[in-house]
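The exercises that follow are meant to be worked through with the sequence and the structure side by side. Try each task before reading its solution.

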Amino acid sequence: MSVVLEDEVVLSIVDHVATVTINRPQVMNAVDEATTHRLNEIWDQIENDRDIRVVVLTGAGDRAFCVGADMSAAAVDKTGLQYWADLDPNGFGGLSLRTTLDVPVIVRVNGYALGGGMEMVLGADIVVAAESAQFGLTEPRVGRLALDGGISQLVRKIPYTQAMGLLLTGRRAPATEMAALGLVNEVIPAAELDAAVDRWVQQILACAPTSVRAVKQMVTQTMHLSAQDARRVRLPALMEALDSSDSAEGVLAFQEKRRPVWPGK
């Protein structure tokens with residue numbers, strides 16, 4: 001087990017699971033420049049650690065997952081054009097537009113997921129939310145825009161009119177509404193949030209690591225293609241999975257009626 005606390009972000013790695021916690025509850029886990037830098041370092045570290053098979057991203061405390069950019073920070077003094085010119089290519093928190101992370105990301109939404117926090121939700125793979133959680137791209141209410149993937153991704157992930165209803169009003173929506181729209185996988189009481197997240201984690205860990213990486217890479221890299229064209233793309237993770245020890249172990253374990261022990265290569 002390893003735990004690192006730096007720049008108000010906690011990274012814990014235990015049994016192939018990386019847990020990333022934005023640890024700024026005093027500002028409802030709003031993200032400033034230093035936090036963004038640290039998050040990018042963490043995502044880079046996870047990308048280069050083949051032992052990590054799933055990531056859980058959450059916020060400290062029980063009020064907020066993340067309410068977006070720290071409006072008290074120096075960055076708020078930038079004009080809209082200056083902010084746009086300085087956008088992180090990986091998106092908000094280094095995650096919302098990242099296309100190089102082949103590890104599944106589960107977001108544990110324990111409270112408000114607003115602005116950039118909502119954009120990080122849109123950049124994740126599985127969303128588990130407490131019943132008290134609220135979601136929203138609230139930037140228009142402070143004269144700004146959700147440029148880190150919020151506007152572009154929301155209309156791709158939920159029905160157009162529902163997305164526009166959120167984007168044009170900047171309103172907050174409860175977790176149950178977002179689940180009905182298909183953005184949230186599971187809504188549960190806050191007391192059961194950790195158990196629900198762990199259930200998703202264990203289901204991912206039950207799969208071959210090379211297969212999971214291939215699925216994530218194939219989806220990320222071919223989403224813009226037709227299904228026929230996507231099938232033709234010879235991505236590195238796909239080729240590795242097809243020729244891996246995992247694929248042989250999976251078949252052997254099935255034949256021997258036992259749980260597979262994944263080599264992970």
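**Exercise 1.** How many residues line the second largest pocket, and which of them lie nearest its centre?

*Solution.* Before starting, keep in mind that this is a predicted model. The first step is to count the lining of the second largest pocket, which comes to 29 residues, and then to look towards the centre, where Leu-122, Gln-153, Lys-157, Thr-220 and Met-223 lie nearest. The next step is to ask where the lining comes from: the helices α3 (116-122), α4 (150-157) and α8 (209-222) each supply at least two residues, and α8 gives the largest share, with five residues. Sorted by class, the lining has 14 nonpolar, ten polar and five charged residues, and the space in this pocket amounts to about 760 Å³.

**Exercise 2.** Find how many cavities of 30 Å³ or more the whole structure holds, and describe the lining of the largest cavity.

*Solution.* A general idea comes first: rolling a probe the size of a water molecule over the atoms shows where empty space is left. Searching the whole structure in this way gives one cavity of 30 Å³ or more, and the volume of the largest cavity is about 30 Å³. Its lining consists of Ile-52, Arg-53, Asp-102, Val-103, Pro-104, Pro-209, Val-212 and Arg-213. When these residues are sorted by class, five are nonpolar, none is polar and three are charged.

**Exercise 3.** Work out which residues have the most contacts inside the largest nonpolar core, and then trace the contacts of Ile-46.

*Solution.* In soluble globular proteins, nonpolar side chains tend to be buried together. Here the largest nonpolar core contains 46 residues, and those with the most contacts inside it are Val-20, Ile-46, Val-109 and Phe-135. Taking Ile-46 and setting aside its neighbours within four places in sequence, one finds contacts with Ala-18, Val-20, Ile-52, Val-55, Leu-101 and Val-103. Apart from this core lies another, of 15 residues, which includes Ile-126, Ile-188, Val-197 and Val-212.

**Exercise 4.** Check the lengths of helices α1 and α7 against the spans expected at 1.5 Å a residue, and list the buried residues of each helix.

*Solution.* Helix α1 covers residues 33-47, and because a helix of 15 residues should span 21 Å at 1.5 Å a residue, the distance of 21 Å between its end C-alpha atoms agrees with expectation. The buried residues of α1 are Thr-35, Arg-38, Leu-39, Asn-40, Ile-42, Trp-43 and Ile-46. Helix α7 (residues 193-205) has 13 residues and reaches 19 Å from its first C-alpha to its last, close to the expected 18 Å. In α7 the residues Leu-193, Ala-196, Val-197, Val-201, Ile-204 and Leu-205 are buried, and the buried residues of this helix pack against β3, β4 (54-59), β6 (105-109), β8 (126-130), β11 (186-188) and α8.

**Exercise 5.** Where is His-16 placed, and what is the value of its phi angle?

*Solution.* His-16 is in the loop between β2 (9-14) and β3 (17-22), and its phi is near 75°, a positive value in a residue other than glycine. With a relative accessible area of 28%, His-16 is partly exposed, because the cut-offs for buried and exposed are under 20% and over 50%. Leaving out neighbours within four places in sequence, His-16 is in contact with Asp-51, Ile-52, Arg-53, Val-54 and Leu-205. As for Val-54, it is 38 residues from His-16 in sequence, yet the two C-alpha atoms are 6.8 Å apart in space. Met-28, in the loop between β3 and α1, also has a positive phi, near 55°.

**Exercise 6.** Decide whether Lys-216 is buried or exposed, and name the residues that it touches.

*Solution.* Lys-216 is placed in helix α8, and its relative accessibility of 12% is under 20%, so Lys-216 counts as buried. Not counting residues up to four places away in sequence, Lys-216 touches Leu-101, Asp-102, Val-103, Pro-104, Val-105 and Asp-125. From Lys-216 to Val-105 there are 111 residues in sequence, while the C-alpha atoms of the two are 9.8 Å apart in space.

Key:
Residues numbered from 1 in each chain as written. Predicted model: local features only at pLDDT ≥ 70, side-chain atom pairs only at ≥ 80, totals over all residues. Heavy atoms only, no water. Core = buried A, V, L, I, M, F, W, Y, C linked by side-chain atoms within 4.5 Å. Buried < 20%, exposed > 50% of the residue type's maximum accessible area, 1.4 Å probe, protein only. Contact = heavy atoms within 4.5 Å. Helix = DSSP H or I, 4+ residues; strand = E, 2+ residues; numbered from the N terminus. Expected span 1.5 Å × (residues − 1). 1 Å grid on protein atoms, 1.4 Å probe; cavity = no way out; pocket = protein on both sides within 12 Å on 5 of 7 lines; lining within 4 Å. Points joined across faces, edges and corners; volume = space filled by probe spheres on them. Nonpolar A, V, L, I, M, F, W, Y, C, P; charged D, E, K, R; others polar.
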